[in-house]
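Let's take a stroll through a protein model together. Have the sequence and the 3D view open side by side, and click on residues as we go.

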Amino acid sequence: MRCGLLGRTLSHSHSPLLHSLLGSYDYALFEIPPEQVEDFLRSGPWDGLNVTIPYKRTAYALCDSLSPAAREAGNVNTLLRRPDGSLYGDNTDAFGFSYLLEKSGISVAGREVLVLGTGGAAQTVCSVLHRLGAHIAAGYHTVPPCTKTLRRTVTDFFPISAPNRHQNAPIVINATPVGMYPHNGRSPVNLADFPHCEAVFDLIYNPLRTALLLQAETLEIQGFNGLPMLCAQAAAAASVFTGAPVSYEKIRRAEDTLRRKLENIILIGMPGSGKTTLARLLARDLGRECLDCDEEFLRRTGLTAEEFLIKQGETAFREMETEILRDLGKRWGTVLSTGGGCVTRPENRALLRQNGRVLWLQRDPDKLALSGRPLLRNTTPRALYEARKNLYADFCDEAASNNADPARGLAQIKEILEKS
Ligand SMILES: Nc1ncnc2c1ncn2[C@@H]1O[C@H](COP(=O)(O)OP(=O)(O)O)[C@@H](O)[C@H]1O
Ligand SMILES: O=C(O)C1=C[C@@H](OP(=O)(O)O)[C@@H](O)[C@H](O)C1
Ligand SMILES: [Mg+2]
């Protein structure tokens with residue numbers, strides 16, 4: 001069976017990997033320009049198709065028959081070419097969103113839900129929320145929308161920039177692309193403006209933790225990303241392609257595989273504690289790319305981190321370090337070795353955490369290799385450790401010991417990674 005994904009630009013799609021975990025059909029990426037889309041949908045070399053931005057409405061309009069979910073949502077993300085050549089359209093994003101909600105354990109029946117965005121994703125979300133009995137307010141960006149689905153399901157439209165009427169909403173759902181790669185770090189709203197918020201959903205999965213979800217983390221609001229929805233919509237599409245029932249077990253396994261594959265493994269810790277050494281060993285062991293913040297200094301400035309620090313001073317050094325982390329933190333699936341002092345700037349925390357699992361590599365201060373570390377000219381390793389240890393603890397998810405030889409350090413890290 002010839003399946004695949006239709007869209008405009010697809011190089012960063014996870015769908016080929018996902019579908020390889022869900023079924024045994026071919027799955028290709030079809031990047032098609034707008035003027036060729038109709039022809040491709042009618043007679044392209046495919047039997048089953050997923051459709052993504054910006055072609056979900058075009059696909060909807062060309063279908064000969066539609067599933068109830070597709071009709072309700074007003075757009076199509078899964079197509080099947082029937083033996084007689086006719087096109088059947090489904091919307092498995094709706095199932096994906098229902099799955100995400102169910103997994104979260106958050107009940108929306110009878111509650112006010114703020115949906116940010118009024119595009120295709122928002123329409124799908126609103127159709128599901130409406131079915132579940134939520135009271136929906138939808139935030140638009142520039143002009144109030146007027147699609148049938150939204151008019152039928154949404155109680156009130158408001159400009160996202162002025163959500164004044166809805167600041168008591170307990171549930172917020174981001175269905176805009178704000179904060180999605182490569183525009184990491186942006187947030188559609190400031191969650192501090194919603195003092196009664198209990199749960200936040202962001203349909204984005206790249207980065208795994210958007211700025212909105214990181215805000216939620218800080219404010220101790222429950223947050224849920226779009227990865228379960230991505231996996232569940234793919235599983236439901238696989239079911240449309242093959243006729244086999246949706247396997248919840250396969251969805252869970254796909255989520256786990258994808259999360260592990262996407263998460264960066266990030267080493268923080270004192271200078272000379274072995275971050276560079278162990279990041280290299282770990283990357284080689286896992287077949288991942290290894291990134292090193294200090295090496296990136298050399299690449300960008302022609303100076304080593306130490307030389308830059310001496311020549312330009314610590315403030316300029318920290319600024320450049322944050323710039324580097326802003327770029328490296330957006331990457332996924334890598335092992336990243338940081339500079340020992342990156343924890344001294346609070347904003348670096350979100351840059352590392354957006355896609356990263358952060359491990360604090362611990363080595364006894366007396367064992368640290370400290371030749372050529374300019375910051376230690378006026379202090380001792382132990383004093384620097386005392387000054388920074390709470391920062392490392394705050395930045396990290398877990399700690400790993402590197403007090404024995406590097407092979408033992410590597411084994412420690414792998415044990416931690418395999419645990420969850
Ligand atoms: N477990 C270990 N046992 C012995 N030497 C180590 C160990 N881990 C790192 N080293 C050595 O310590 C020095 C500093 O390590 P490095 O990886 O550059 O640290 P960092 O990147 O944290 O500053 C290197 O010479 C490295 O070979
Ligand atoms: O602790 C620090 O402030 C520093 C640590 C160094 O990296 P390592 O931790 O790799 O030694 C390097 O970024 C710079 O000299 C500053
Ligand atoms: Mg290093």
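Leaving aside its neighbours within four places in sequence, which residues is V358 in contact with? Find V358 in strand β16, and keep in mind that you're looking at a predicted model. The partners of V358 are I266, I268, L352, R353, F395, C396, D397 and E398. With a relative accessible area of 0%, V358 is buried, because anything under 20% counts as buried. For a sense of distance, try Y392: V358 and Y392 sit 34 residues apart in sequence, and their C-alpha atoms are 9.6 Å apart in space.

**Zooming out**

Now for the whole thing. The protein has 17 helices and 17 strands, and its C-alpha atoms fill a box of roughly 75 × 50 × 40 Å along the principal axes. Does that go with a globule, and what would we expect? A compact globule with 420 residues would have a radius of gyration near 22 Å, and the protein has 24 Å, which agrees.

Of the 420 residues, 52% count as buried. The accessible surface comes to about 18,800 Å², and 51% of it belongs to carbon and sulfur atoms. As for charges, there are 48 positive and 46 negative ones, and their mean positions are 1 Å apart. Contacts also reach along the chain: among those between residues at least 6 apart in sequence, 68% join residues at least 24 apart.

**Into the cores**

The largest nonpolar core has 27 residues, and I268 and L352 are the ones with the most contacts inside it. The elements giving two or more residues to this core are β13 (264-268), α12 (293-301), α13 (305-312), α14 (314-328), α15 (347-353), β16 (356-362) and α16 (381-395). Helix α14 gives the most, with four residues. Another core, of 26 residues, lies apart from this one, and A94, V128, V154 and F201 are among its members.

Click on L352 next. Beyond its neighbours within four places in sequence, L352 is in contact with I266, I268, L325, L336, T338, C342, V358 and F395. You've already met the link between L352 and V358 from the other side.

C293, in helix α12, is buried too, with a relative accessible area of 0%. Not counting residues up to four places away in sequence, C293 touches E321, I324, L325, L328, L336, S337, T338 and G339. If you want a longer jump, pick D156: C293 and D156 are 137 residues apart in sequence and 47 Å apart in space, C-alpha to C-alpha.

**Two more buried residues**

Y88 lies in strand β6 (residues 87-90). Is Y88 buried or exposed? At 17% relative accessibility, Y88 counts as buried, since the cut-off for buried is under 20%. Setting aside residues up to four places away in sequence, Y88 touches C63, S65, L66, S67, T78, L79, L80, R82 and V240. Y88 and G48 are 40 residues apart along the chain, with 9.6 Å between their C-alpha atoms.

Then there's Q233, in helix α9 (residues 227-242). Q233 counts as buried, at 9% relative accessibility. With residues up to four places away in sequence left out, Q233 touches N50, N77, T92, D93 and G96.

**Backbone details in the loops**

Here are two peptide bonds to look up.

| Peptide bond | Form | Omega |
|---|---|---|
| I53 to P54 | cis | near 5° |
| Y181 to P182 | cis | about 5° |

P54 lies in the loop between β3 (48-51) and α3 (56-62). P182 is in the loop between β10 (171-174) and β11 (199-202).

One last stop: what is the phi of E220? E220 has a positive phi of about 60°, although E220 is not a glycine. You'll find E220 in the loop between α8 (211-218) and β12 (222-224). With a relative accessible area of 75%, E220 is exposed, because over 50% counts as exposed.

Key
Residues are numbered from 1 along each chain as its sequence is written. Chains are lettered from A and ligands numbered from 1 in the order in which they are written. This is a predicted model: local features need pLDDT of at least 70, side-chain atom pairs count only at pLDDT 80 or more; totals for chains, interfaces and linings use all residues. Side-chain values use heavy atoms; hydrogens and water are left out. The radius of gyration is taken over C-alpha atoms; the globule rule is 2.2 Å times the number of residues to the power 0.38. Buried means under 20% relative accessible area, exposed over 50%, partly exposed in between (1.4 Å probe, protein chains only). Contact means heavy atoms within 4.5 Å. Accessible areas come from the Shrake-Rupley method with a 1.4 Å probe; for residues, only the protein chains shown count as cover. Lys and Arg count as positive and Asp and Glu as negative; His and the chain ends are not counted. The place of a charge is taken as NZ of Lys, CZ of Arg, CG of Asp or CD of Glu. A nonpolar core is a set of buried Ala, Val, Leu, Ile, Met, Phe, Trp, Tyr and Cys residues joined through side-chain atoms within 4.5 Å.
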